[in-house]
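Here's a quick briefing to read alongside the structure. Take a look at the model first, then work through the points by topic.

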Amino acid sequence: MKVAKRNADLIGQTDMLRLNGLSELTGCEILVKLESQNPGGSIKDRAALQIIKDALASGELQPGMTIVEGTAGNTGIGLALVASSFGLKMLAVMPNDQSKEKERMITLHGAQLKTVDPVPFKNDNHFYHKARRLAESREDYWWANQFENTSNARAHYLMTGPEIWQQTHGQVDIFVSVAGTGGTIAGNSMFLKEQNPDLQVWLADPDGSGIYSYLKQGEYISQGSSFTEGIGIMRLVENFKQARIDAAVNLPDQDLVSLSRYIRDTEGLVLGSSSCLNVAGALQAAALHGPGKTIVTFACDLGERSASKLYNDDYLQQRGLALQPEPIHELLARYRDQGEKVWYRQA
């Protein structure tokens, strides 16, 4: 055990947990890396730390400046925490339809928060464009630009991927991740495939995102919407360009509801929506490629950040989602029968 000199020094070196129920059902080892253990409560702390460290090292970011970023929540929390640790200020621009839990955490870490109406990316009032314009308006503002800033992916190439390799003793067959900026799946896939080119990288994509369509058809097309926050991309960004993906699957919110209750009741683990999407992707991979595989994915953040949506019965009913979860055996059987829905990279 170490004594850290500042909060940001505690980022990384998170534990891994075996999901016993799903592992025994599938005959695979299904492991989740508990990124909620980071001081800001999510995997985005890693990107925030690397982005700020690299910018300070290059001189782009200097003491006294304010970091500006457009965020769906977790990156904003991570940047606010790391900024505070380094004696910097932070301004987050966030769509106002994200969970109030995330809004509170950004301000509790001392950052300024500006919320805006949610609009499509092509609209100039999108939170990304608002943040960029704010950063450009003052010389003492610096734009973190998490989508295009490849320090994001570098964080996972340098930190997360090596941790996974060490924790599994190099015995990992399939790595599963969602993509928001693409940094997590890019950095981890680059490192892990350097260690083992035969390792498979799976992407789990929610409704409302165009990544699955892009990989399958070469065009960003989305259908429906999802209550997952900060997950999914409708354009090709620099971080995602680096990802080395072998397979992708699109999964609906109803599956996330079912898995969230099953994991909570059998493992005592409360997962957020993006984490449930990761586990759903891992279950789909296990259904088609197990038994005997070791599959690693992430519990991305604290489950309580999804309390107002994933664990709110009124909200789920408003979205037309069933409150009674699908029995896990039926869900697994369905995943075994829908292999044709999985996109695979052509050799």
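Is Gln-13 buried or exposed? Gln-13 is exposed, since its relative accessible area is 59%. Keep in mind that this is a predicted model. The chain is built from 13 helices and eleven strands, and its radius of gyration of 19 Å is close to the 20 Å that the globule rule gives for 347 residues, so the chain is as compact as a globular protein of that length.

**The chain as a whole**

- The C-alpha trace spans about 55 × 45 × 40 Å along the principal axes of the chain.
- Of the 347 residues, 56% count as buried.
- If you look at contacts with a separation of 6 or more, 72% of them come from residues 24 or more positions apart.
- The accessible surface adds up to about 14400 Å², and carbon and sulfur atoms own 46% of that.
- On the charge side, there are 34 positive and 40 negative charges, and their mean positions sit 4 Å apart.

**Helix α2**

- Helix α2 covers residues 44-58, and at 1.5 Å a residue its 15 residues should span 21 Å; the end C-alpha atoms are 21 Å apart, so the two agree.
- The buried residues in α2 include the charged trio Lys-44, Asp-45 and Arg-46, and also among them are Ala-47, Ala-48, Leu-49, Gln-50, Ile-51, Ile-52 and Ala-55.
- What do the buried residues of α2 pack against? Their partners are the strands β2 (29-34), β3 (66-70) and β6 (141-143), plus the helices α3 (74-85) and α6 (151-167).
- Right after α2 comes Gly-59, with a positive phi of about 90°.

**Helix α10**

- Helix α10 (residues 253-267) also has 15 residues, and from first C-alpha to last it reaches 21 Å, close to the 21 Å expected at 1.5 Å a residue.
- Eleven of the 15 residues of α10 are buried, so the rest of the structure largely encloses this helix.
- Those buried residues are Asp-253, Asp-255, Leu-256, Val-257, Ser-258, Leu-259, Ser-260, Arg-261, Tyr-262, Ile-263 and Glu-267.
- The cover over them includes two strands, β1 (16-18) and β9 (247-251), along with the helices α1 (20-26), α11 (273-289), α12 (313-318) and α13 (328-337).
- Gly-268 follows α10, and its phi is positive too, near 70°.

**Helix α11 and the loop after it**

- The 17 residues of α11 should span 24 Å at 1.5 Å a residue, which agrees with the 24 Å between its end C-alpha atoms.
- α11 is mostly covered, with 15 of its 17 residues buried.
- Where does Pro-291 lie? Pro-291 is in the loop between α11 and β10 (294-299).
- The peptide bond from Gly-290 to Pro-291 is cis, and its omega is near -5°.

**Two buried side-chain cases: Lys-102 and Gln-338**

- Lys-102 belongs to helix α4 (residues 100-108), and its relative accessibility is 5%, so Lys-102 counts as buried.
- Which residues touch Lys-102, leaving aside its neighbours within four places in sequence? They are Ala-72, Gly-73, Asn-74, Ile-77, Met-94, Glu-229, Asp-301 and Arg-305.
- Of these, Ile-77 is 25 residues away from Lys-102 in sequence, yet the C-alpha atoms of the two are 7.4 Å apart in space.
- Gln-338 has its place in the loop between α13 and β11 (343-344), and at 8% relative accessibility it counts as buried.
- Not counting residues up to four places away in sequence, Gln-338 touches Leu-251 and Gln-284.

**Positive phi outside glycine**

- Gln-13, in the segment before β1, has a phi near 55°, which is a positive value in a residue other than glycine.
- His-169 shows a positive phi as well, near 55°, and is likewise not a glycine.
- You'll find His-169 in the loop between α6 and β7 (174-177).
- With a relative accessibility of 67%, His-169 counts as exposed.

Terms used
Residues numbered from 1 in each chain as written. Predicted model: local features only at pLDDT ≥ 70, side-chain atom pairs only at ≥ 80, totals over all residues. Heavy atoms only, no water. Helix = DSSP H or I, 4+ residues; strand = E, 2+ residues; numbered from the N terminus. Rg over C-alpha atoms; globule rule 2.2 N^0.38 Å. Buried < 20%, exposed > 50% of the residue type's maximum accessible area, 1.4 Å probe, protein only. Contact = heavy atoms within 4.5 Å. Areas by Shrake-Rupley, 256 points an atom, 1.4 Å probe, with all protein chains shown as cover. Charge placed at Lys NZ, Arg CZ, Asp CG, Glu CD. Expected span 1.5 Å × (residues − 1).
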